[in-house]
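Colleague: Please take a close look at a single part of this model and walk me through it residue by residue. A short view of the whole chain beforehand would help.

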Amino acid sequence: MTQHIANVDLDATAVLTIPSPGREGADAGPIATTEEFKAALLATRDWIGISPTQLQMLQAQCRAPDSTISAAQLAEQLKFKNFAAARLQYGTLARAVAEKLGYAPPQKGKGAVRWWFALSIGQDGHDDAGDGQLKWTMRPELVAALRAMKWA
């Protein structure tokens, strides 16, 4: 069962659709404004919920130096069994936020959609070796939204 985050500003309800070309390197710039991220987070919370663990992940990344963290670091900080569990939780939340933003993240060839692009940019480029070491840098607009909402 997913718990919902309470005591948040409920005035932000509009969610705008942000077109995304979904090409390699096309998503390094802003994909949404701070207000759009706030609305998407609230809509996600109200739609499927944001678990306490997912909120802790956002907080850990937002509070990390330069808002940058890897899945392995998240797993260690939050006591996950392994980095794959952290990637799964992060990707699940990122996909929900992306859907509320109307954002289509890039896909590497015929591989999996990289949902994490909805929340972060890969610090060392777009390649993820799948070892949990890729550093995710949280999008500045998302950092601002989390701080404005007092979620981080």
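Modeller: Of the contacts in the chain with a separation of 6 or more, 67% are between residues 24 or more positions apart. This is a predicted model, with a mean pLDDT of 82 for the chain and 78% of its residues at 70 or more. Residues 1–26 stay under 50 in pLDDT, and the model has 57 contacts beyond four places in sequence for them. Confidence is highest in helix H5 (residues 140–148), at a mean of 97, and lowest in E2, at 91.

The chain has five helices and three strands, in the order α-α-β-α-α-β-β-α from the N terminus on. Of its 152 residues, 46% are buried. About 7,800 Å² of the chain is exposed, and carbon and sulfur atoms supply 52% of that area.

The part I have picked is helix H3, which spans residues 71–78. Which of its residues are buried? Ala71, Leu74 and Ala75 are. They lie on the same side of H3, because the arc they cover around the axis is only 100°. The cover over these buried residues comes from several elements, including helix H2 (52–63) and strand E1 (68–70), along with helix H4 (83–101) and strand E3 (135–138).

Ala75 can be followed in more detail. This alanine sits in helix H3, and its relative accessible area is 6%, so it counts as buried, the limit being under 20%. Setting aside neighbours within four places in sequence, Ala75 has contacts with Phe80, Asn82, Phe83 and Ala86. Ala86 is eleven residues from Ala75 along the chain, and 5.4 Å separates the C-alpha atoms of the two. Just after H3 comes Lys79, which takes a positive phi of about 60°.

H4 and E3, two of the elements that cover H3, also lead to the aromatic rings. There are three aromatic pairs. One of them is Trp116 with Phe117, a stacked pair with 4.3 Å from centre to centre and 25° between the planes. Both Trp116 and Phe117 are buried. Another pair is Trp116 with Trp136: the ring centres are 6.2 Å apart and the planes stand at 35°, so this pair is tilted. Trp116 belongs to the loop between H4 and strand E2 (120–122), while Trp136 belongs to strand E3, so the pair ties together parts that are 20 residues apart in sequence.

How buried are the two tryptophans of that pair? Trp116 has a relative accessible area of 8%, and Trp136 has one of 3%. Ring pairs join Tyr90, Trp116, Phe117 and Trp136 into a cluster.

One further ring has a charged partner. Lys100 lies over the face of Trp47, 4.3 Å from the ring centre.

To put the H3 part together: Ala71, Leu74 and Ala75 are its buried residues, and E3, which carries Trp136, is among the elements that cover them.

Conventions. Residues are numbered from 1 along each chain as its sequence is written. This is a predicted model: local features need pLDDT of at least 70, side-chain atom pairs count only at pLDDT 80 or more; totals for chains, interfaces and linings use all residues. Side-chain values use heavy atoms; hydrogens and water are left out. Buried means under 20% relative accessible area, exposed over 50%, partly exposed in between (1.4 Å probe, protein chains only). Helices (H or I, at least four residues) and strands (E, at least two) are DSSP runs, numbered from the N terminus. The arc is that of the directions from the helix axis to the C-beta atoms. Contact means heavy atoms within 4.5 Å. Rings of Phe, Tyr and Trp (its six-membered ring) pair if their centres lie within 6.5 Å; planes under 30 degrees apart count as stacked, over 60 as edge-to-face and the rest as tilted. A charge sits over a ring if NZ of Lys or CZ of Arg is within 6 Å of the ring centre and within 35 degrees of the ring normal. Accessible areas come from the Shrake-Rupley method with a 1.4 Å probe; for residues, only the protein chains shown count as cover. pLDDT is the predictor's confidence in each residue, from 0 to 100.
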